[in-house]
Amino acid sequence: MGSNMKNKIIYGINFIWASLIAFSFPICFEWIFLDITGHSKGYSYDLGADKDISVIIGCIELLIWLAITLPSNIYVFKKTLTKGKVYLLIPAIIYVTLAGVCLIKTFGGWAAYSNEVFNI
């Protein structure tokens, strides 16, 4: 197996992983945001003394999520940039589209998502 083929396989695996991360972004964002803000059980529930624990867990979740997502996203964007700046639009559009599909399929759209996450 040539070096070029190996690089394409590594790029493909990283692109698939980054796409899965993009698809799950709205769910992960909701989870982390509600934990960090102390609303992990919803806006109508008062955590009381457990609020500090919720915030700490949210910070740990954020660090884990960043450790899982950043390396593959940096790799994909860096390798795509070598083809030209215009090609960066392709993964960016795919990521936004996948996050939008997750919003629609999981939550029923932006209105339901913003109501659930931001209590709007």
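In this predicted model, helix H2 meets helix H3 through a small set of side-by-side names: Asn73, Val76, Phe77 and Thr80 on the H2 side, and Pro91, Ala92 and Tyr95 on the H3 side. Sorted by character, the residues of this contact come out as five nonpolar and two polar, with no charged ones. As for the helices themselves, H2 runs over residues 51-81 and H3 over residues 89-107. Their axes come within 9 Å and cross at roughly 145°.

H2 also turns up in a nonpolar patch on the surface. The patch is formed by Ile16, Trp17, Leu20, Ile56, Ile60, Ile64 and Ile68, and together these residues have about 670 Å² of accessible area. Which helices feed into the patch? H1, covering 3-36, and H2 each supply at least two of its residues. H2 takes the largest share, with four residues. Ile16, one of the patch members, sits in helix H1. With a relative accessible area of 54%, Ile16 is exposed, because anything over 50% falls in that class.

Further along H1 comes Phe25. Is Phe25 buried or exposed? Neither label fits: a relative accessible area of 36% makes Phe25 partly exposed, since the in-between class lies from 20% up to 50%. Phe25 and Ile53 are 28 residues apart along the chain, and their C-alpha atoms are separated by 23 Å.

Asp35 belongs to H1 too, but here the picture is another one. Its relative accessibility is 8%, so Asp35 counts as buried; the cut-off for that is under 20%. What does Asp35 touch? Setting aside neighbours within four places in sequence, Asp35 is in contact with Ser40, Ser54, Val55, Ile57, Gly58 and Glu61. Going by the residue range of H2, 51-81, the partners Ser54, Val55, Ile57, Gly58 and Glu61 are part of that helix.

Between H1 and H2 there is a loop, and Gly48 is found in it. Gly48 has a relative accessible area of 44%, which means it is partly exposed. How far is Gly48 from Gly38? The two glycines are 10 residues apart along the chain, and 9.3 Å separates their C-alpha atoms.

The last stop is helix H4, residues 110-118, where Ser114 lies. Ser114 counts as buried because its relative accessibility is 8%, under the 20% limit. Not counting residues up to four places away in sequence, Ser114 touches Asn119 and Ile120. Ser114 can also be placed relative to Glu30: the pair is 84 residues apart in sequence, yet 9.6 Å apart in space from C-alpha to C-alpha.

Methods. Residues numbered from 1 in each chain as written. Predicted model: local features only at pLDDT ≥ 70, side-chain atom pairs only at ≥ 80, totals over all residues. Heavy atoms only, no water. Axes fitted to C-alpha atoms, helices over the stretch in contact; angles between N-to-C directions. Contact = heavy atoms within 4.5 Å. Nonpolar A, V, L, I, M, F, W, Y, C, P; charged D, E, K, R; others polar. Patch = residues over 30% accessible without salt bridge, like charges linked within 9 Å, V, L, I, M, F, W, Y side chains within 5 Å. Areas by Shrake-Rupley, 256 points an atom, 1.4 Å probe, with all protein chains shown as cover. Salt bridge = Lys/Arg side-chain N within 4 Å of Asp/Glu carboxyl O. Buried < 20%, exposed > 50% of the residue type's maximum accessible area, 1.4 Å probe, protein only.
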